[in-house]
Amino acid sequence: MIESNEITLYAIRGLPGSGKTSFAKSLNLNFFEADHYFEKFNNGKFDHKLLKKAHQYCYDLVKNELLNKNSAVVSNTMTTVDEVLEYQNLAKEMGIKFVSIILENRHNGISVYDVPKDSIEKMSERFDIQLK
């Protein structure tokens, strides 16, 4: 559980099935995922054609939460540094703390959103980590 008066944006990264949602829930903060778009507008089914809309929906919700002076969690695959920088830059522009967390899938978790295995493999291949 996170308890702090400092507004912080936590970014949780990892492949589908790594436990991002479970970990986000454990932080007891409002959390936002592109998958929420699919839950709300596509009967919970992942659709690659809607991915851009889903990520914009997520970003807008995160930004709104931060504008309301609340800490927030964004929990998406964010396989590339550029995807992380989008949220890191938002935090920087707003003058709030940013924390990036990477979850591994060492427990062999499976995607609850039926992301195709070939999509997960492609994400795995492009997952990049920049430690600074």
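# A guided tour of the predicted model

Begin by selecting Lys 69, which is exposed, with a relative accessible area of 64%. Lys 69 sits in the loop between helix 3 and strand 3, and its phi is near 65°, a positive value in a residue other than glycine. Please keep in mind throughout that what you have open is a predicted model.

**The whole chain**

Now select the whole protein chain, in which you can find five helices and four strands. If you follow the chain along the sequence, these elements come in the pattern β-α-β-α-α-β-α-β-α. The C-alpha atoms fill a box of roughly 40 × 35 × 25 Å, taken along the principal axes. A compact globule with 132 residues would have a radius of gyration near 14 Å, and because the protein chain has 14 Å, the two agree.

With the surface switched on, you are looking at an accessible area of about 8,300 Å², of which 48% belongs to carbon and sulfur atoms. Buried residues make up 40% of the 132 residues in the protein chain. If you colour the charged side chains, you will find 17 positive and 18 negative ones, and the centres of the two sets lie 1 Å apart. Among the contacts with a separation of 6 or more, 75% are accounted for by residues 24 or more positions apart.

**The sheet**

Next, show the strands alone, and ask in which order the four strands form the open sheet. The order is 2-3-1-4, and the pairing is parallel. Strand 2 and strand 4 (97-102) stand at the edges, each with a single partner strand, so one side of each is left without a neighbour in the sheet. Strands of a sheet pair through backbone hydrogen bonds, either parallel or antiparallel.

Select strand 3 (residues 72-75) and turn it so that you can see each of its faces: are the residues on them buried or exposed? Ala 72 and Val 74 on one side and Val 73 and Ser 75 on the other are all buried, and both faces of strand 3 are therefore covered.

Add strand 1 (residues 8-13) to the selection, and you will see that strand 1 and strand 3 pair in the parallel sense over four bridges. To check this pairing residue by residue, pick Leu 9, whose bridge partner in strand 3 is Ala 72, and then Ile 12, which stands opposite Ser 75 in strand 3. Strand 2 (residues 31-32) also runs parallel to strand 3, and two bridges join them; here Phe 32 is the residue that stands opposite Val 74.

**Helix 2 and the loops around it**

Move on to the loop between helix 1 (20-26) and strand 2, where you will find Asn 28. Asn 28 has a positive phi of about 55° although it is not a glycine.

Then select helix 2, in which the buried residues are Ala 34, Asp 35, His 36, Tyr 37 and Phe 38. These buried residues of helix 2 pack against strand 2 and helix 3, which you can follow by showing the side chains of all three elements together.

In the loop between helix 2 (34-41) and helix 3 (51-67), select Asn 42. Asn 42 is partly exposed, with a relative accessible area of 22%, a value that falls in this class because buried means under 20% and exposed over 50%. Which residues does Asn 42 touch, not counting residues up to four places away in sequence? They are Tyr 37, Asp 47 and Leu 50. Helix 2 is also followed by Asn 43, whose phi is positive, near 55°.

**Thr 79 and helix 5**

Select Thr 79 next, in the loop between strand 3 and helix 4 (81-94). At 0% relative accessibility, Thr 79 counts as buried. Leaving aside its neighbours within four places in sequence, Thr 79 is in contact with Arg 13, Leu 15, Met 123, Arg 126, Phe 127 and Asp 128.

Finish at Glu 125, which lies in helix 5 (residues 117-126). Glu 125 counts as exposed, at 61% relative accessibility. As a last step, draw a distance line from the C-alpha atom of Glu 125 to that of Lys 53: these two residues are 72 residues apart in sequence and 23 Å apart in space.

Terms used
Residues are numbered from 1 along each chain as its sequence is written. This is a predicted model: local features need pLDDT of at least 70, side-chain atom pairs count only at pLDDT 80 or more; totals for chains, interfaces and linings use all residues. Side-chain values use heavy atoms; hydrogens and water are left out. The radius of gyration is taken over C-alpha atoms; the globule rule is 2.2 Å times the number of residues to the power 0.38. Buried means under 20% relative accessible area, exposed over 50%, partly exposed in between (1.4 Å probe, protein chains only). Contact means heavy atoms within 4.5 Å. Accessible areas come from the Shrake-Rupley method with a 1.4 Å probe; for residues, only the protein chains shown count as cover. Lys and Arg count as positive and Asp and Glu as negative; His and the chain ends are not counted. The place of a charge is taken as NZ of Lys, CZ of Arg, CG of Asp or CD of Glu. Two strands pair if DSSP finds at least two bridges between them.
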